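Visitor: I am new to this structure and would love a close look at a single part of it. Please start with one small spot, then lead me on from there to other parts.

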Amino acid sequence: MSLELKNVEKKVGIETHIYPTSLKLKKNTINVLLGSTLAGKTTLMQIMAGLDKPTSGEIWFDGKNVTGMKVQKRNCSMVYQQFINYPNYTVYENIASPLAITGVKNDEIKQRVGKVAELLKLSAMLNKKPDELSGGQQQRTALARALVKDSDLILLDEPLANLDFKLREELREELPKLFEDRDCIVVYATTEPSDALMIGGNTATLLEGKVIQYGKTLEVYNRPENLISAKVFSDPPMNIAEITKSGDNCKFTDNDVQWKSSAKIKDGTYKIGIRPHNITTYKEGNNSVEINGKVQISELSGSESLIHFTNGSLNWVSLSNGTQQKNVGEDTKLYMNTDEFLYFDQNNRLVNNG
Amino acid sequence: MNKTINQKAWYFVIPVFVLVAFNAAIPLMTVVNYSFQETFGNNVFAWEGTRWFKQILLSERFHASLGRQFAFTFIILLIQIPLGIAIALTMPKKGWGVPVCLILMSMPLLIPWNVVGAMWNIFALPDIGFLGHSLNAMGFDYNFTQQPGDAWFTTILMDVWHWTSLVVLLSYAGLNSIQPAYYQAAEIDGASRWATFRYIELPKMKKVLTLAILLRFMDSFMIYTEPFVLTGGGPGNTTAFLSIDLVKMALGQFDLGPAAAMSLIYFFIVLLVCWVFYNLMMKNEAKS
C-alpha cells in the first residue's frame, strides 16, 4: 500500500496553490507536512483525500489511479484544526457515525467505539454532547471518529493548533502511539518544527506551494538539502551568515571570528546556517568558538533562555539551557558549536554532508 | 472585600426609565384603566370591575377572530419556515450571485405595509388585476372580495410573498456561519445530502430559526395593515383577524372598555405563546 502523487499541480484562477509535486508515501508511515500558513499543506491534504481535484497530475493509491475518485470511495478520514463533530449527536454517536453509515452491525460498532474511546480516554463521556466537552475532549472525539474506521489514509490537519499548551503537549505525546499498530498511511500537517521532531516518521518541508524536501524526519532536520528546507525546519529561526574558507580556516565575512573546519569543501565563500541551540552562553562540543555580542532581547522560559544579540551588522539568535540572565544592551560572550554548522554554497545547497 | 458605594450610577438609568414610561408603561396603563371602566366621553368614567374581560372571553365574536388568527399564523409559519430554509439552501455561497440574491430577497421587506396591501389588492382584482384576471381566464372562479376561500388564499399568498425573505435571510446567515470543514467531514463519512442537512445544517441553524419563528409568529399574530388594505376583514368577517376586529370594536363601535380588555388579553396571548415557545426551543440549550 502506498500513496503516490505524480506531478500534482493545483491552480485556482491565475494563482498557483501547489506547484507540480511528486511524493510517495509508504504504508505504515507517519508523514509530517511542515510549513508555515499558506504553504499549501491543507490543499495538498485535500487533494490526497479526494476532497479537491488537482489541476493536473495523478494520484495513485495502492497501484491504482484514483485521480478524481470521490472521497466517499477512498476510505480515508480527516481531523481538522477546528473541532468538527456532529453538534446534536452524543460522543458515542459521533464516534459511531462513520461505521453506522457503512452499515456495520450494532454489536461490532459498540465494541469498536468502546475500544477507541478507551484509547482516547473518552469512556466517561460517551453520553455527553460535544458542546459539553472541553476543547481537548472535543478534539479527542474527532480523533476517535477518524480512528474508529479502518481507514487506509488518515489526514490530520493541524489537529493541535487550537488547543492550549498543556493539552497540546499531552495529545502530541499520545498521537504517534495511536498509529503504531495500524495498517495505514498517516499524514500530519503542522507549522511547528517541534511537532515534526516529536512525531518522527517522515517529514516533507513545504514553502509557498512547493515541497522542498521529503525524507526521514531526523535526516531532513540534520541534513537539510538546502537553505530553504533548513529555514522551514527551524524554530526559533536559523541564523544565516556569509563566510569565507581558505584551507582549513573559516571566517565570517562580517567579523573576525575564525575557526577550523574539517568540512571537505573547496575554498571560497559560503553561507552557513546555525541553529539557535548551537549558540550558547557556555561551551559545547570540542570545537566551539567565541563570539562577542550586544544583547538585544533576552527571553527566559524557565528551562531555556532565548538571547537575541548583535555582532557587527548581523542579528543572532541563541538558545541556551537553564536561566541565563542577561540585561538588554549588555556586552556578552557566547560560544558557537562549529561542528554543527551547516555550509551552503551560492546556490543554497548543503555542501557538508557529514 | 470592601465595596465602594456609589449610587450616582442610578442617574444613568433615568433616561431609560423616562423613555420606557412614555412609550410603554403609561400607554399600557391607560389601556388597563379603560379595561376596568365604562366611559361615555367627556372624561366620565364608571367602575365595571372585570365585566369586560368576562364579556370578551365568553364572546363568540372573540373566539372566532382568535381562531382565525391562530389559523392564519399557523398556516403562514408552516409555509414560510420550510420555504425560507429551502430558498436559503439553494442560494449561491460566493460570486456575483450573492449580492443579486440578497438584494432581490430584501426587496419585499423594504416595501411599506400599506403599499403591499394596496399592491396585492389591485394585483388580485378579478376584473383588472393581473393575478385575478389570469386566474379567471384560466377558468378558476376567483374573486377575493366575495369568496372567503379566495380571500384567505390571497391574504396568505401576500404574507408569504412579503415575509418569506426574512426567514431566507436569517437562514442564509445561519448557513454561512457553518465552517466548510463540517461539510468535508460529512463528505468523508459518506453522509447523504439529507443527513448533512439533518445533522449539521439544521442543528447549526437552530438559533436563527428560533429567532425567525418567534419574529414571524409575533408579526403575523399582530398583522393589521396588509389584510386591512387588501380585504378590510371581509368578505363579511372571514378575514377579520384579532387586530382588525379590535380596531373595529374600539374605533368603529367606540366600545372603549371591551376593546381595552381585548387588547390586554391579546397582549397576554402573544406574551404567553412566545414564552412557552422560547422555553421549549431553549430547553436543550440550558442543559449544556
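Guide: Let's start at Gly50(A), which sits just after helix 1 of chain A and has a positive phi of about 95°. This is a predicted model, in which local features need pLDDT of at least 70 and side-chain atom pairs count only at pLDDT 80 or more, while totals for chains, interfaces and linings use all residues. Residues are numbered from 1 along each chain as its sequence is written, and chains are lettered from A and ligands numbered from 1 in the order in which they are written.

Helix 1 itself covers residues 41-49 of chain A, and 7 of its 9 residues are buried (20 or more other C-beta atoms within 10 Å of the residue's own, against 12 or fewer for exposed and in between for partly exposed, with C-beta atoms placed from the backbone). Among these buried residues are Leu44(A), Met45(A), Ile47(A) and Met48(A). Helices here are DSSP runs of H or I with at least four residues, strands are runs of E with at least two, and both are numbered from the N terminus.

Further along chain A, strand 19 (residues 331-337) pairs with strand 15 (residues 279-280) through 2 bridges, in antiparallel fashion; pairing asks for at least two DSSP bridges. One of these links joins Thr280(A) to Tyr335(A). Strand 19 also runs antiparallel to strand 16 (residues 288-300), with 7 bridges between them. There, Val289(A) has Met336(A) as its bridge partner.

Now to chain B, which has 12 helices and 2 strands. Its order from the N terminus is one helix, then the two strands, then helices to the end. The radius of gyration of chain B is 24 Å, whereas a compact globule of 288 residues would come near 19 Å; the radius is taken over C-alpha atoms, and the globule rule is 2.2 Å times the number of residues to the power 0.38. Buried residues make up 28% of chain B.

Finally, the two chains meet: 15 residues of chain B are in contact with 21 residues of chain A, where contact puts C-beta atoms, placed from the backbone, within 7 Å. On the chain B side, helix 8 (180-189) and helix 9 (193-221) each supply at least two residues, and helix 8 gives the most, with 7. That side divides into 8 nonpolar, 4 polar and 3 charged residues (Ala, Val, Leu, Ile, Met, Phe, Trp, Tyr, Cys and Pro count as nonpolar, Asp, Glu, Lys and Arg as charged, and the others, Gly among them, as polar).
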